[in-house]
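This report describes selected side-chain interactions and the surface exposure of the residues that take part in them.

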Amino acid sequence: MNILVINGGSSSLKYQLFDMETRTVQAKGQCERIGLDGHMKHTAPGKPTYEEDLPLPDHAVAIKHVVDKLTDPVYGVISDMKEIDAVGHRIVHGGSYFTETVLVDEEVTNKIEEITPFAPLHQPGHVMGIRGCRAVMGDEVPMTVVFDTAFHATIPAENHVFAINYEYYEKYKVRRYGFHGTSHRYVSGRCAELLGKKPEDCNIVVCHLGNGSSICAVKGGKSYNTSMGFGPLDGLPMGTRSGLIDATAVDYLCKVLNKDVSEFVTELNKKSGFAGICGMADFRDITAAAEAGDEKAQLAREMLVHSIIRFVAGYAVEMGSLDAVVFTAGIGENTQWVREKVCEGLAMLGVKIDLEKNNCRGKEIDLSTEDATVRTFIIPTNEELMIAIDTERIVKEMKK
């Protein structure tokens, strides 16, 4: 079975085509600046790379170019669009409607569009990607939607309800939704395999650390708590997001700066975090600057480390025990210093890593020393494969 995984943004569209027999990527690429001047890049193993500026007025045109490249005799890996058995779409927010992967129909698409206010930067692009696929591929190709929030639907009420007027929860669905759920689900499942246990027999904390970061307590294979909240602003300091901040500080700054709340929340999302502290959002730049003696860069990475320690330790206590800590995503997989300092801070929990093993980047590895009572892993995330696996399962069930 060939499954095309789509991640649509407001002006971009990323894709990967999976062969599900081998669970390998046959081809991948991205269309950028959709609705503007347009640019596309497409790669496939053993094939020349295609990269060109071209008109991409909307997502349907972008999808048509994707199909054209996948079936191209020079750049492609399949001979006909009919060889694409299904399409899986990554969706950031499922609101209160969606707690699992579902087949796409018009009602589902409309509901995704309806909850746009919950994720205004992402939902419109997702909807355009779905409608663009349908316009090009027709109704005969089954499509699924996989939600970043769905994995966190199991978080118990004491962890997902905010301590505000309960009517806001009941009437407006204001709660902790959490994000990066597809990554947390994949990584925690893989961790259980490496531990030689069933997911329901493990308590794991996954640290998804990238430009956007979140930590998830996975208790018995299910999300139990997570650092992001109603939106992706809460929790750890990130590339451009503030993370935790006292609401009274927001109120005070809005008054002294003469800004409205929406304007200031935009600043918290786009001009805060590491960028606000040291003027740099990319952690590679921050690391280089910190090692060169930049005090603000040093402060930014210390803030990240101490925030991670607080969340991991708190979640370990909440769950009652801890089998493993996992690092994943760009910073988690590639930044040796962060892993070392976090594990030093978690030593009292039984976390202890081999510093020689930790001298690595982007590979799956057990970093633990022999005497560690809590295991520590690097597990590269693979959200796209998780989406493809979900899509394959649903399509097979549909055909029974």
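Asp53 is exposed, its relative accessible area being 51%; exposed denotes over 50%, buried under 20%, and partly exposed the range in between (1.4 Å probe, protein chains only). The model is predicted, so that local features need pLDDT of at least 70 and side-chain atom pairs count only at pLDDT 80 or more, while totals for chains, interfaces and linings use all residues. Residues are numbered from 1 along each chain as its sequence is written, and side-chain values use heavy atoms, with hydrogens and water left out.

**Salt bridges**

The structure holds 22 salt bridges, a salt bridge being a side-chain nitrogen of Lys or Arg within 4 Å of a carboxyl oxygen of Asp or Glu. Three of the pairs are tabulated here.

| Acidic residue | Basic residue | N to O distance |
|---|---|---|
| Asp53 | Arg33 | 3.3 Å |
| Glu107 | Lys111 | 3.5 Å |
| Asp323 | Lys197 | 3.0 Å |

Asp53 belongs to strand 5 (residues 50-53), whereas Arg33 is in the loop between strand 3 (24-32) and strand 4 (39-43); the pair therefore ties together parts 20 residues apart in sequence. Helices (H or I, at least four residues) and strands (E, at least two) are DSSP runs numbered from the N terminus. Arg33 is partly exposed, at 32% relative accessibility.

Glu107 and Lys111 both lie in helix 2 (residues 106-114), 4 residues apart, which is about one turn of the helix. Lys111 is partly exposed, with a relative accessible area of 25%.

The salt bridge between Asp323 and Lys197 ties together parts that are 126 residues apart in sequence, because Asp323 is in the loop between helix 11 (295-319) and strand 12 (324-328) and Lys197 in the loop between helix 6 and strand 9 (203-208). Lys197 has 37% relative accessibility and counts as partly exposed. Elsewhere, Arg185, Asp390, Arg393 and Glu397 are joined into one network by salt bridges that share partners.

**A buried threonine**

Thr182 is located in helix 6 (residues 181-195) and is buried, with a relative accessible area of 1%. Apart from neighbours within four places in sequence, Thr182 is in contact with Val146, Phe147, Asp148, Glu383, Met386 and Ile387, where contact means heavy atoms within 4.5 Å.

**A nonpolar surface patch**

Ile164, Tyr168 and Tyr172 form a nonpolar patch on the surface, together offering about 310 Å² of accessible area. Ile164 is in the loop between helix 4 (157-160) and helix 5 (166-172), and is partly exposed at 45% relative accessibility. Patches consist of residues with over 30% relative accessible area and no salt bridge, with like charges joined within 9 Å and nonpolar side chains (Val, Leu, Ile, Met, Phe, Trp, Tyr) within 5 Å. Accessible areas come from the Shrake-Rupley method with a 1.4 Å probe; for residues, only the protein chains shown count as cover.
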